[in-house]
Amino acid sequence: MQYINKTMLNLPTSVEEITEETKRAFKAFDLQKKLEQATLAVSCSDLSAIQAIQLPSECTDFKEGCKGRDMEGAVTLDWRVDPFASMSDLTLLVYDGSGSGGVPYYVHTLTLVHGGRKSGFVAEQMKLQQSGKRSHNNCAGDYKIEIYVPPLAAKHIPEFLDYVYGRELKITTSNAPPLRYLANRFDLRDLYKDISTKFIPADLEIGTAPMYCTLADQLK
């Protein structure tokens with residue numbers, strides 16, 4: 001009768017070690033299942049399902065188990081970087097009426113439709129496009145939204161998008177009217193309210209009134 005040396009098989013030597021090994025195995029398996037579900041949920045080029053999956057912050061390595069390294073903040077979406085590198089899934093095409101063609105901005109539905117500063121206009125346009133693709137069984141390509149704004153408002157689109165993506169917005173006499181126009185056009189109620197009911201009433205005086213009148217004319 002042969003006896004097997006326990007140390008040769010590298011078996012756990014205590015109940016505590018068996019329990020910890022079991023916990024790590026189940027956590028790794030659960031994390032893999034979530035990733036598989038996220039992948040199956042994606043249709044066409046929409047990455048929102050994957051991006052919305054909340055991974056346990058302590059689990060970062062399938063082989064070694066959960067070691068406690070925090071993943072929070074590891075990925076930050078940014079419309080200013082290369083659209084392929086940032087995995088942009090939405091092209092915002094802005095026309096200013098100059099006849100020179102629209103200016104493309106490569107953005108993310110996760111931010112503009114589901115973010116804390118989401119756009120009601122973009123959300124509505126996305127619903128229309130998604131329903132259209134489903135009705136025609138069309139899964140070809142990313143989404144595109146076209147919008148027409150006055151030239152003055154178009155110049156402030158980058159600043160506006162920075163705000164939507166979470167950056168701090170410095171409101172001044174010169175940018176308050178175009179930013180308020182864009183907030184109204186894109187349906188960002190909080191920004192529109194802040195500019196209309198807080199900043200402009202406090203900033204409007206004899207010295208700034210002429211500029212407000214001039215900018216208002218340019219936004220008609």
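How many bridges join β1 to β2, and do these strands run parallel or antiparallel? Notes on the predicted model follow.

1. **The β1-β2 pairing.** Five bridges join β1 to β2. The two strands run antiparallel. One point of register to check on screen: L93 stands opposite P104, a residue of β2.

2. **The sheet as a whole.** The sheet is open and has three strands. Their order is β2-β1-β3, with mixed pairing. The edges are taken by β2 (103-107) and β3 (143-148). Each of these has a single partner strand, so one side of each lacks a neighbour in the sheet. On average, neighbouring strands are turned by 25° against each other, direction ignored.

3. **The nonpolar core.** The largest nonpolar core counts 38 residues. V107, V122 and F186 have the most contacts inside it. Helix α6 (residues 157-164) is the top contributor to this core, giving five residues.

4. **Surroundings of V107.** What does V107 touch, once its neighbours within four places in sequence are set aside? Its contacts are W79, S88, D89, L90, L92, L112, L161 and Y165. V107 belongs to the edge strand β2 (103-107). It is also one of the residues with the most contacts inside the largest core.

5. **D78, a buried acid in a loop.** D78 sits in the loop between α2 (48-52) and β1 (90-95). Is this residue buried or exposed? It counts as buried, because its relative accessibility is 17% and the cut-off for buried is under 20%. A polar atom of the D78 side chain lies 2.9 Å from the backbone nitrogen of R80. The side chains of D78 and R167 are joined by a polar contact of 3.1 Å. Neighbours within four places aside, D78 is in contact with S86, H108, Y165 and R167. Y165 also appears among the contacts of V107.

6. **D162 and R167.** Side chains of opposite charge can pair when their charged atoms come close. The structure holds six salt bridges. One of them links the side chains of D162 and R167, at 2.9 Å from N to O. Here D162 is buried, with a relative accessible area of 13%. R167, at 33% relative accessibility, counts as partly exposed. D162 falls within the span of helix α6 (residues 157-164).

7. **D187 and R189.** A salt bridge also forms between D187 and R189. The closest N and O atoms are 2.8 Å apart. D187 is partly exposed, with a relative accessible area of 32%. R189 is partly exposed as well, at 43% relative accessibility.

8. **K198 and D194 on helix α8.** The side chains of K198 and D194 meet in a salt bridge of 3.5 Å, N to O. Why are they about one helical turn apart? Because they are four residues apart in helix α8 (residues 189-203). K198 is exposed, with a relative accessible area of 54%. D194 counts as partly exposed, at 32% relative accessibility.

9. **A charged network.** Which residues are joined into one network by salt bridges that share partners? They are D78, R80, D162 and R167. Two of its acids have been described above: D78 is buried at 17% relative accessibility, and D162 is buried at 13%. R167 meets D162 in a salt bridge, and its side chain also makes the polar contact with D78.

Definitions and conventions
Residues numbered from 1 in each chain as written. Predicted model: local features only at pLDDT ≥ 70, side-chain atom pairs only at ≥ 80, totals over all residues. Heavy atoms only, no water. Core = buried A, V, L, I, M, F, W, Y, C linked by side-chain atoms within 4.5 Å. Buried < 20%, exposed > 50% of the residue type's maximum accessible area, 1.4 Å probe, protein only. Contact = heavy atoms within 4.5 Å. Polar contact = N/O pair within 3.5 Å; in protein donor to acceptor, adjacent residues only side chain to side chain. Pairing = 2+ DSSP bridges. Axes fitted to C-alpha atoms, helices over the stretch in contact; angles between N-to-C directions. Salt bridge = Lys/Arg side-chain N within 4 Å of Asp/Glu carboxyl O.
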